[in-house]
Structures are given as structure tokens and as C-alpha cells.
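Trainee: I have a model open and would like to practise reading it with you. Shall we begin?

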Amino acid sequence: MAKKKKKNLKLNMSNLYITLAFLFILGFGFFGTSKLFMAEDIPVHQTELNKEFDLKANGKFTVKEWTYDKEEKMMEIMLITNGIEDYLTMLDFTAVSRENLSAELPTEIIYDESDIYIIHIKEVPKDFNQIALRFNKSDKSYDKFFAEGEMEEEQDNVISTIYTDQRMVKEESIPDRNFTEYALEITGELIGEAEREIQELKEKSRMTDDIIGEIREEIEQLQVDLLYQTIDEQVETNNDVFQLQKSIEDYDKEQQTMDDDIKNIRAKVERLKQKQYDLNI
């Protein structure tokens, strides 16, 4: 009887080990091959928004917005440039996803005016992981313009690339808008930014006025102290007064620059408001 129990116990232990070994192999195979549980450790790659990037000889740019419409499988990027394109060059864009680097995604420039671009990236895959948008700068050739009636594009050159990450991109619906609607929206934003910049300059100008006032008070006190000082002390005090007067001159120049900037920005606001009015007609 005891031998039978011992035999059954050994049999049960063997079955237990076999079951555990089977579960271990099954689990290793499932978790080891499933991307769901073994996600790749890919660093976040996201171009910072509202930061100006300097491309040196190729100008500057700022990515204002980057949104992703999951339902429409589309992205919209607002780009503000400065000095990238001129009458001899043109700017175009190409996009790829990290999941399929060999296949370019369709891109379309929806808005292109006053160095502002709105680009759509279409057919964005559901699990795109990361998207790269390349800036392609092309030279325009006018040699055959009059002979053939169209310009040739030559010497494509990728001058920069921006990125968005599926873990970071802003997801929202992208409304269907025409050129005028985009222009009105962008013009309104530019007016708002310009008016905020004017307020910031005014505040800085007031702070500079306060500093100049404090320096003048300090000069007046030093000039009073001169009456009770020795010759050597007066020499030192006069030097201090000279340096403080020089500081006032520097602040006055800074004030003049700020006043000129405010005038220029106000003129810009007036032009933008006129454009806004014309678009609404």
C-alpha cells in the first residue's frame, strides 16, 4: 500500500514538472515574439514646438503646430520660415514613417504665403511610431523658361528634417478648410502675437525708465558727496559718475531701439488688419 502511494506521489510530481516546463516554454515563446508585450525601446523623437531653429545659410524656421487626425489618417503641420526660400529657390516636403522608411507618405502644401507653410501628410499608418518630414530645397533654372514655358527644378537638397512621435503628437480632428479660412486664421494669430510683443516691449521700456531714474538719483547723491571729499576721493567719485552717465546713454540707445521696434510692429499689425479686412470682403 505504501509503495503504491509512493509511486502515485512520484507520478504526480513528474506531471507537475512537465506542466510547469510546458507553461514556461509557452510563455517564453508568446512574450518573446509579441510586440505587444516586448515593445521596442525607442527613444522619443519629437521636434520642439515654438522654438526657432537656425539653418545658417539656409535661413530659420519654427514649427508652430503639429496635429494628428487619427480618423482621417492625416497630419497637419504649421511652419513659419525666414530666409529659406527666395526667387531662385523653392521649398518642398517629403515624409516617411519609422515603420516603413522605404515608402514616402503623400504630402501636400495647403497654404504657402509670407513664409508660412501648412503641410498635410496623408495616409499616415495607424502605428506610425515616428514621422520624419524632410525640407527639400530646390534651385530654379530659368535657362529654358522662355523656350519651354516652364521652369525646371534641379539639385534637390535636404536642408533639414523635423520629427513627431506617436507618444507625443497632439491628436485632434483636422477640419476641412480652404485657403481663405487658413489665411484668416493665420492672420489673426499673427496679429495676436504682434500685439503681445508690443506689450512686452512696453513693459521692458517701463522697466528701463525705472533703471535710468535710479541711476540719475545715484549720480545726484554722488555729486552731493563731492563737496565733502578729498581730492583723491573726488577723482574716484567723478569716475563713478562718468561710468553711470555712460550706462544711461546705453539704456537710452536701448530705449530708442525698443521704440523703433514698437513702431515697426504697429505698422505690421496695420498691414495684417488690412489683409484681414480684404479677406473678409
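Trainee: Which residues does Ile121 touch, not counting residues up to four places away in sequence?

Mentor: Happy to help, and keep in mind that this is a predicted model. Ile121 is one of the three residues, with Trp66 and Met75, that touch the most other members of the largest nonpolar core, which has 24 residues. Beyond four places in sequence, the contacts of Ile121 are Trp66, Lys73, Met74, Met75, Ile77, Ala95, Leu105, Pro106, Thr107, Ile131 and Leu133.

Trainee: Which element gives the largest share of this core?

Mentor: Several strands give two or more residues to the core, including strand 3 (74-82), strand 7 (116-121) and strand 8 (130-141). The largest share is four residues, and the element that gives them is strand 2.

Trainee: How far apart are the end C-alpha atoms of helix 4 (residues 231-280)?

Mentor: Start from the expected span: at 1.5 Å a residue, the 50 residues of helix 4 should cover 74 Å. The model agrees with that, as the end C-alpha atoms are 73 Å apart.

Trainee: What covers the buried residues of helix 4?

Mentor: Among those buried residues are Val241, Leu244, Ile248, Ile262 and Ile265. Ile262 and Ile265 also belong to a second, separate core of 17 residues. The cover over the buried residues includes helix 3 (179-225).

Trainee: Is Asn129 buried or exposed?

Mentor: Asn129 lies in the loop between strand 7 and strand 8, and has a positive phi near 70 degrees. Most residues other than glycine have a negative phi. The relative accessibility of Asn129 is 17%, and buried means under 20%, so Asn129 counts as buried.

Conventions:
Residues are numbered from 1 along each chain as its sequence is written. This is a predicted model: local features need pLDDT of at least 70, side-chain atom pairs count only at pLDDT 80 or more; totals for chains, interfaces and linings use all residues. Side-chain values use heavy atoms; hydrogens and water are left out. The expected span of a helix is 1.5 Å times one less than its number of residues. Buried means under 20% relative accessible area, exposed over 50%, partly exposed in between (1.4 Å probe, protein chains only). Contact means heavy atoms within 4.5 Å. A nonpolar core is a set of buried Ala, Val, Leu, Ile, Met, Phe, Trp, Tyr and Cys residues joined through side-chain atoms within 4.5 Å.
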